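Subject: Model handover and notes

Hi there,

Here is the structure I promised to pass on to you. Please open it alongside this message, and then read on for what turned up.

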Amino acid sequence: MKRMKIFRLLGAVAIVIAIGSVSFAAVAAGAARQQARPAAPAAVQGQNMMMGQGMMGMRQQMMADQQASLARLQQLTEAMNAAKGDAKVAAIAAAVSELVQQYKTAQERTLMPMMMMPMTGAMPGMPGAAPPAKNP
């Protein structure tokens with residue numbers, strides 16, 4: 001009975017570590033992509049400056065949120081590793097719940113920009129967008 005509990009516990013720990021590793025790898029890959037981008041032409045930079053102030057603030061907030069999420073996972077992982085007996089099971093449950101919540105939040109953030117795009121597939125003024133309708 002006790003041996004079975006230990007095996008379940010080890011299985012749950014392995015899942016938490018795997019999910020945490022995937023989450024960390026995704027954040028690290030995003031940071032690497034951001035650093036690897038070449039400089040944009042001056043015209044694009046001008047457009048970015050017009051849109052940029054609000055977008056940069058949102059991006060900085062999102063990066064701060066990601067770092068806080070990683071810190072929270074680190075804290076829960078340390079508590080899980082230090083716990084013994086039934087407290088370890090509760091610590092694993094807390095870590096898994098946090099991972100699920102962070103995953104849901106990431107999915108919502110990923111889908112939100114898609115929901116805001118017009119159904120035509122392109123925004124007015126962008127290549128491929130239909131010209132504005134003329135009033136008779």
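Below are my notes, from the overall fold down to single side chains.

**Ground rules**

This is a predicted model, in which local features need pLDDT of at least 70 and side-chain atom pairs count only at pLDDT 80 or more, while totals for chains, interfaces and linings use all residues. Residues are numbered from 1 along each chain as its sequence is written, and side-chain values use heavy atoms, with hydrogens and water left out.

**Overall layout and confidence**

The protein chain has three helices and zero strands (helices are DSSP runs of H or I with at least four residues, strands are runs of E with at least two, both numbered from the N terminus). Read from the N terminus, the order of elements is α-α-α.

Please keep an eye on the confidence. The chain has a mean pLDDT of 74 (pLDDT is the predictor's confidence in each residue, from 0 to 100), and 49% of its residues reach 70 or more. Helix α1 (residues 2-36) has the lowest confidence, with a mean of 65, whereas α3 has the highest, at 86. Where pLDDT is low, the predicted coordinates should not be read in detail.

Of the 136 residues in the protein chain, 12% are buried (buried means under 20% relative accessible area, exposed over 50%, and partly exposed in between, with a 1.4 Å probe and protein chains only). Among contacts with a separation of 6 or more, 64% are between residues 24 or more positions apart (a contact means heavy atoms within 4.5 Å).

**Two salt bridges**

The structure holds two salt bridges (a side-chain nitrogen of Lys or Arg within 4 Å of a carboxyl oxygen of Asp or Glu). One of them pairs R109 with D65, with 3.0 Å between the closest N and O atoms. Because R109 sits in helix α3 and D65 in helix α2 (residues 42-82), this pair ties together parts that are 44 residues apart in sequence. R109 is partly exposed at a relative accessible area of 33%, and D65 is partly exposed at 26%.

The side chains of R72 and E98 form a salt bridge too, at 3.9 Å from N to O. Here R72 belongs to helix α2 and E98 to helix α3, so the pair ties together parts 26 residues apart in sequence. R72 counts as partly exposed, with 35% relative accessibility.

**A buried lysine**

What about K88, which lies in helix α3 (residues 86-116): which side chain of opposite charge is nearest to it? That side chain is D86, 12 Å away, and K88 has no salt bridge although it is buried (Lys and Arg count as positive, Asp and Glu as negative, and His and the chain ends are not counted). A polar atom of the K88 side chain does lie 3.0 Å from the backbone oxygen of M80.

**The nonpolar core**

M80 also belongs to the largest nonpolar core, which has six residues in all: L76, M80, A83, A91, I92 and A95 (such a core is a set of buried Ala, Val, Leu, Ile, Met, Phe, Trp, Tyr and Cys residues joined through side-chain atoms within 4.5 Å). Helices α2 and α3 each supply at least two residues of this core, and α3 gives the most, with three residues.

Two core residues also appear in C-alpha distances to helix α2. T77, in helix α2, is 14 residues from A91 in sequence and 8.1 Å from A91 in space, C-alpha to C-alpha. T77 is partly exposed, with a relative accessible area of 26%. Q74, also found in helix α2, has its C-alpha atom 9.3 Å from that of A95, 21 residues apart along the chain. Q74 is partly exposed at 44% relative accessible area.

**Two more spots in α3**

Q102 is in helix α3 and counts as buried, at 16% relative accessibility. Setting aside neighbours within four places in sequence, Q102 is in contact with S69, R72 and L73; R72 is the residue that meets E98 in a salt bridge.

V89 is also in helix α3 and is partly exposed, at 45% relative accessibility. The C-alpha atoms of V89 and R8 are 9.5 Å apart, with their positions 81 residues apart along the chain.

Happy browsing, and best wishes!

Conventions: Polar contact = N/O pair within 3.5 Å; in protein donor to acceptor, adjacent residues only side chain to side chain.
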